[in-house]
Amino acid sequence: MKKLTFENIANFFLKNFFQGLVIIGPIGLTVFVIWYVITSIDNIIPSVAKEIPGLVFISIILITALLGFLGNKFVVGRFFFDTMDSLLEKTPGVKHIYTPTKDVMSSFVGDKKKFNDPVWVKTNENPEIWRIGFLTQKEMADVEKHNYVAVYLPHSYAISGWVIVTEEKNIKPVVGMTAASAMKFAVSGGVAGFHSDENIFKAPE
């Protein structure tokens, strides 16, 4: 049995304190972000939010889903949204905001998702280094880069990333991981493991 000293008690306390942070930190941050988003959207119409909290948020979610349904399933809806899309993309000034925003959002969600083809990319020959990324352009002939491809490399613990153009021979398809698992693996700095819910990180005993 270890002798109780101030140092041992302090180390025991700090170990458990930090372990507690690991547990409640992600939960607290998630709750905070969700609450911030809901209250921010609610405050678009403060008078309604004051009377019935959450009504504005729920209404916007339902309206957005309805618009998505109408835009995909009905010819009139599709024609209307295509016309608006074409108009916004041709309007000077507005197109520089609308088009990049639409392209980025379409890359992550919807029927035209781009980040669904995970690949290994060789970024260094000696020593040999591979990074995980997502194939976004399978050929670059239009810009005189024959036999080259474009790959998006996400940053760890961030929503940013960067694009590289490399020869086809430098990429290999990722086997054994879905696109979602590959993104999780990359963004978590490799901590998330290779399978959907497995985590290779173990807290020290």
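Which strands do the buried residues of α6 pack against? In this predicted model, the partners turn out to be β1 (118-124), β2 (129-137) and β3 (148-154). The helix itself spans residues 179-187, and its buried positions are S181, A182, F185 and A186. These sit on the same side of α6, because they cover an arc of only 135 degrees around the axis. Right after the helix comes G189, with a positive phi near 75 degrees.

Now for the sheet that α6 meets. It is an open sheet of 5 strands, in the order β4-β3-β2-β1-β5, and the pairing is antiparallel. β4 (161-167) and β5 take the edges with a single partner strand each, so one side of each is left without a neighbour in the sheet. On average, neighbouring strands are turned by 45 degrees against each other, direction ignored. α6 packs on this sheet by touching β1, β2 and β3, and its direction makes about 130 degrees with that of β2.

Going strand by strand, β1 and β2 form a hairpin with 4 residues between them, and 6 bridges join the two antiparallel strands. On its other pairing, β1 runs antiparallel to β5 (residues 171-173) over 3 bridges. V119 takes part in both pairings: its bridge partner in β2 is G133, while in β5 it stands opposite P173. β2 also pairs with β3, again in the antiparallel sense and over 3 bridges; here Q137 stands opposite A150 of β3.

What makes up the largest nonpolar core? It holds 9 residues in all: F115, I132, F134, Y152, V174, M177, A182, F185 and A186. Two elements, β2 and α6, give two or more residues to this core, and the largest share, 3 residues, comes from α6. I132 is a good place to look at the packing in detail. Leaving aside neighbours within four places in sequence, I132 is in contact with the α6 residues A182, F185 and A186. The contacts of I132 also include V174 and M177, as well as V119, W120, L153 and P154. A second, separate core of 8 residues includes V119, L135, V149 and I164.

Put together, the picture is of a helix with its buried residues on the same side, packed against β1, β2 and β3 and supplying the largest share of the 9-residue core.

Terms used:
Residues are numbered from 1 along each chain as its sequence is written. This is a predicted model: local features need pLDDT of at least 70, side-chain atom pairs count only at pLDDT 80 or more; totals for chains, interfaces and linings use all residues. Side-chain values use heavy atoms; hydrogens and water are left out. Buried means under 20% relative accessible area, exposed over 50%, partly exposed in between (1.4 Å probe, protein chains only). The arc is that of the directions from the helix axis to the C-beta atoms. Contact means heavy atoms within 4.5 Å. A nonpolar core is a set of buried Ala, Val, Leu, Ile, Met, Phe, Trp, Tyr and Cys residues joined through side-chain atoms within 4.5 Å. Two strands pair if DSSP finds at least two bridges between them. Axes are lines fitted to C-alpha atoms, for helices over the stretch in contact, and angles run from 0 to 180 degrees between N-to-C directions.
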